[in-house]
Each structure stands twice: as structure tokens, then as C-alpha cells.
Amino acid sequence: MPLFFGGWLNWLSGPQSTFEVAGPVAKAQLNVFYVTLWVTGIIFVLVAGVLTYATLKYKARNTADEHAAPPPQGHGNPLIELGLIAVSVLALVFIAVPTLKAIWYDYEVPAAEKETALEVNAIGYQWWFKFEYPAEQIAGAGTLVTGNELVIPAGRAVRLNLRSVDVIHSFWVPKLAGKVDMIPNRGNHMWLKADEPGYFWGQCAEYCGEDHAVMRFRVIALSEPDYAAWLVHQKAPGRVVPADAPSSAPAAAYDYKNPGRNAPGYSSAFDADPLGAWVKLQSPEAGEVPASIAHGRQLFQQKNCIGCHTVRGQEGVGVSGPDLTHIGSRTTIAGGVLENSKENLHRWLTDPNGVKPGNKMWTTGYNDSASGKEIFRINDDEARALVAYLHSLK
Ligand code: CUA
């Protein structure tokens with residue numbers, strides 16, 4: 001519907017705006033909003049107009065008016081009352097018809113697109129999202145799994161099976177579709193489609209504990225050939241950089257104490273062009289230091305990261321945390337909260353509780369659950385090696 005979205009309403013735009021839709025499901029939802037807005041808007045104008053007219057016309061204007069006898073009292077006009085009931089019912093039907101149509105449409109992939117639809121299991125954890133691609137099986141390693149970044153082919157319907165391993169979460173990509181709850185022991189589903197390649201923000205939309213507000217994810221929609229290439233790359237095991245490989249360039253220095261956003265003069269290529277930034281991250285970075293990467297890989301075992309995280313083909317085999325096989329090629333870390341820069345990864349590794357209070361990496365990974373004592377805390381030097389290792393996992 002071609003309504004009022006013009007320049008003067010630019011404040012309604014932004015990465016999580018439901019007014020700038022990028023797929024048919026979100027469009028259907030936006031149309032329902034506009035229909036409701038117009039109907040209720042017209043009612044508001046009529047009622048407020050009559051009320052204003054009556055108030056101005058019949059108000060007491062002087063002392064004589066105030067003490068005048070009240071006008072003759074009636075008991076209503078049956079025609080007007082019946083008319084108002086009829087108009088109310090009509091207004092409700094006018095809203096209900098497109099609403100029901102949109103509910104049915106949003107519920108299931110249209111029959112014509114079922115054959116080609118991609119099926120993904122989206123699973124909520126406190127506080128991150130796991131994505132499984134059941135059609136993509138890896139020999140000896142089972143289903144392809146990613147974390148916090150859902151990559152899909154643009155122009156193709158995606159059916160999402162929504163699950164939760166702990167509490168109720170809700171899956172919402174404002175520009176594409178949502179919200180549908182992810183409920184423990186209950187199989188909900190939804191679908192979405194991105195019309196064009198793009199980079200979309202997602203957000204948990206159901207209160208699920210102290211980090212609910214920072215439980216985020218991304219949807220990256222790629223053209224079919226790019227998506228096919230991504231699949232091949234994702235199914236490959238974790239990248240290995242031999243310890244004696246020559247350094248490609250001087251190691252990039254970073255100041256982890258000044259990680260971004262709040263720093264003076266901060267500017268990020270990621271903010272300006274997130275999809276472009278994502279594409280860049282798919283290839284190895286300049287300035288890799290193989291010795292540091294090898295040290296990081298050792299620390300990944302010694303600090304017990306392997307207990308919760310998988311790096312396919314390497315030591316990590318845990319499944320309670322996000323799969324990290326290709327963590328270096330993701331734009332975000334910590335459940336979509338931080339840009340995946342060296343500074344932020346360093347900060348996340350050394351102070352996870354400061355980024356996401358109460359997260360399991362901190363409460364059960366870094367601390368001994370029996371004594372509550374810190375045992376796997378990571379110091380700055382160790383963090384530098386781990387950053388080098390994790391960023392090498394392209
Ligand atoms: Cu998960 Cu809110």
C-alpha cells in the first residue's frame with residue numbers, strides 16, 4: 001500500500017525498522033499494519049472531530065449559560081445506535097479479512113515455492129542462535145551447523161523450524177519476518193524470503209533472561225551462485241595454518257582497550273556496508289602470524305574451549321556453545337552483539353561477563369561450577385593468541 005512513508009518519517013528507518021521491508025512476509029505484515037492504521041486513524045479523526053465540535057458549540061459561555069436548565073433529555077436514537085454498531089462491525093471485518101489472509105500466508109511457504117524452499121532449524125539458546133541445515137550433510141560430521149549468522153539464498157523461500165533448548169525465545173528479523181516464539185518441547189515454524197541479496201538484523205523478541213536485549217543474530221542473503229559457494233566453504237573443516245608458514249605481512253596491531261564505537265574518531269566499514277564487510281571476511285586476512293595462531297589453537301584446548309565449541313576437523317567437539325569452525329568469517333560475535341573485530345574479540349575473551357552478564361562461557365566455562373572459582377580466565381597475551389587463531393578460522 002503506497003501510504004505515508006516519506007522523507008519526513010525517516011526516523012522510522014534503521015536496521016531493525018519494520019517500515020523498510022525486504023521480503024514478502026514482512027510486506028504482508030506491514031500491509032496489515034497500514035490497513036489497521038488507516039481504519040483506526042479515520043475513526044480517531046471522526047470521533048475527535050465530533051467531540052471537538054460538540055465541546056466548542058455547546059460549552060457554557062457565561063454565568064447565565066452555566067445556570068440554564070439542561071436541554072430536553074432523550075434516550076438515544078435507535079437508528080444512530082444501530083448505524084454505529086453496523087459501522088463498527090464493518091470496520092472490524094475490513095481489518096479482519098486482510099489480517100486473516102496475512103496470518104495464513106505467513107504461516108506456511110506458498111505451495112508453488114515448497115519444492116525449492118530451503119529448510120533450516122533455528123534453535124534458541126540463552127543467549128544465542130544455532131542454525132542447522134538438515135539438507136546439508138557432511139561426511140563423518142553430520143548436519144551443517146552455524147551460529148548467530150543465518151546465510152540464505154536471496155529470492156528463495158526459507159522454512160524455519162523454530163526450537164529452544166532452554167526458555168522461550170522469539171525469532172524476529174524485522175525487515176524479513178517475525179515474530180514467532182521458540183518454545184521448549186513445541187515445534188513452531190515460520191518462513192521468510194529476502195527479495196534481494198542483503199544483510200539483515202535479527203533479534204530475540206521474547207524476554208528470556210538477563211541478556212535478552214543482547215540476544216541477536218544476522219541474516220545474510222546471497223545470490224544463488226554466492227550461496228552455493230558459501231555452502232561448499234562452510235562444509236569444509238576448520239582452516240589450518242601450519243605453524244611454520246611464513247607470515248604474510250606485518251601483524252596488524254590493535255588496541256583492545258579502545259574497542260570501537262565509543263572511541264573518538266571511530267568509523268567502521270562494517271556500519272557503512274555490512275554485506276561488503278561480510279564478503280571481505282570470507283578470505284584470510286593479511287598480517288596472520290602462524291606461530292601465534294598455533295599457540296592460540298593450543299590455548300583453545302588448554303582453556304577448555306573445546307568442551308563447549310566445535311571446530312570441525314580440529315580439537316573442538318563441544319556442542320553447548322556456538323560452532324566455531326568458520327568463526328573468522330562471521331561479522332559478529334557474542335550472539336550478534338559485537339562486531340567481530342580483533343579488539344572486540346579480545347574484549348569478549350577476557351571479559352565475557354562485562355559484555356553479556358551471566359553468559360555460560362563465563363558462568364560455566366571460566367569458573368569451576370562447584371567452587372565458583374575462576375579457573376580458565378584468559379590473560380591479555382593468551383587473548384591475543386586466541387584472537388589470531390579464531391580469526392584464522394575462515
Ligand atoms: Cu532469547 Cu529473548
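# A walk through a two-domain model

Let's start at one loop: W127 sits between strands β1 (118–125) and β2. The peptide bond leading into W127 from Q126 is cis, with omega near 0°. Keep in mind, everyone, that what we have on screen is a predicted model. There is a second cis bond to find, and it joins G178 to K179, with omega about -5°. K179 belongs to strand β7, which covers residues 177–182. Why stop at these spots? Because most residues other than glycine have a negative phi, and most peptide bonds are trans.

That brings me to phi. Which sign does phi have at N148? It is positive, about 70°, and N148 is not a glycine. You'll find N148 in the loop between β3 and β4. N148 is buried, with 6% relative accessibility. A334 also has a positive phi, near 55°, and again this is a residue other than glycine. A334 lies in the loop that runs from β11 to β12 (338–339). With a relative accessible area of 9%, A334 is buried.

Now let's zoom out to the whole chain. The protein is divided into domain 1, made of 11–57 plus 76–234, and domain 2, which is 268–392. How far apart are the centres of domain 1 and domain 2? Taken over C-alpha atoms, the separation is 31 Å.

So what happens where they meet? On one side, 30 residues of domain 1 make contact, and on the other, 25 residues of domain 2. The size of an interface is often given as the accessible area lost when the parts come together. For domain 1 and domain 2, the buried area is about 2,200 Å², with 55% of it on carbon and sulfur atoms. How many salt bridges does the rule find across this interface? Zero, between domain 1 and domain 2. For polar contacts, the count between domain 1 and domain 2 is ten residue pairs, both residues being at pLDDT 80 or more.

Let me point to the elements on the domain 1 side. Those that give two or more residues to the side touching domain 2 are β2 (128–138), β3 (142–147), β4 (149–153), β9 (198–204), β10 (216–222) and α5 (224–235). β10 gives the most to that side, with five residues. By residue type, the side of domain 1 that touches domain 2 divides into 17 nonpolar, seven polar and six charged.

Here is one residue to click on: T332, in strand β11, residues 332–333. Is T332 buried or exposed? T332 is buried, because its relative accessible area is 3% and the cut-off for buried is under 20%. Leaving out residues up to four places away in sequence, T332 touches E149, Y199, R218, F270, L338, E339 and N340.

Next, salt bridges over the whole model. The count comes to ten. One of them brings the side chains of K342 and E285 together, at 2.7 Å from N to O. K342 is in helix α9 (residues 342–350), while E285 is in the loop between α7 (274–280) and α8 (290–302), so this pair links parts of the chain that are 57 residues apart. K342 is partly exposed at 22% relative accessibility, and E285 is partly exposed at 22% too.

E285 has another partner. The side chains of K394 and E285 form a salt bridge at 3.1 Å, N to O. K394 is in the segment after α12 (380–392) and E285 is in the loop between α7 and α8, so the pair ties together parts 109 residues apart in sequence. K394 itself is buried, with a relative accessible area of 3%.

A further pair to look at is E382 with K303, whose side chains meet in a salt bridge of 3.3 Å, N to O. E382 lies in helix α12 and K303 in the loop between α8 and β11, so this bridge ties together parts that are 79 residues apart in sequence. E382 is buried, with a relative accessible area of 16%, and K303 counts as buried at 16%. Which residues are joined into one network by salt bridges that share partners? They are E285, K342 and K394.

One last stop: K27, in helix α1 (residues 24–58). K27 is partly exposed, with a relative accessible area of 44%. K27 and A102 are 75 residues apart in sequence, and their C-alpha atoms are 9.5 Å apart in space. Thanks for listening, and happy clicking!

Technical notes:
Residues numbered from 1 in each chain as written. Heavy atoms only, no water. Domains from an automatic or database assignment. Contact = heavy atoms within 4.5 Å. Buried area = accessible area lost by both parts, 1.4 Å probe. Salt bridge = Lys/Arg side-chain N within 4 Å of Asp/Glu carboxyl O. Polar contact = N/O pair within 3.5 Å; in protein donor to acceptor, adjacent residues only side chain to side chain. Helix = DSSP H or I, 4+ residues; strand = E, 2+ residues; numbered from the N terminus. Nonpolar A, V, L, I, M, F, W, Y, C, P; charged D, E, K, R; others polar. Buried < 20%, exposed > 50% of the residue type's maximum accessible area, 1.4 Å probe, protein only.
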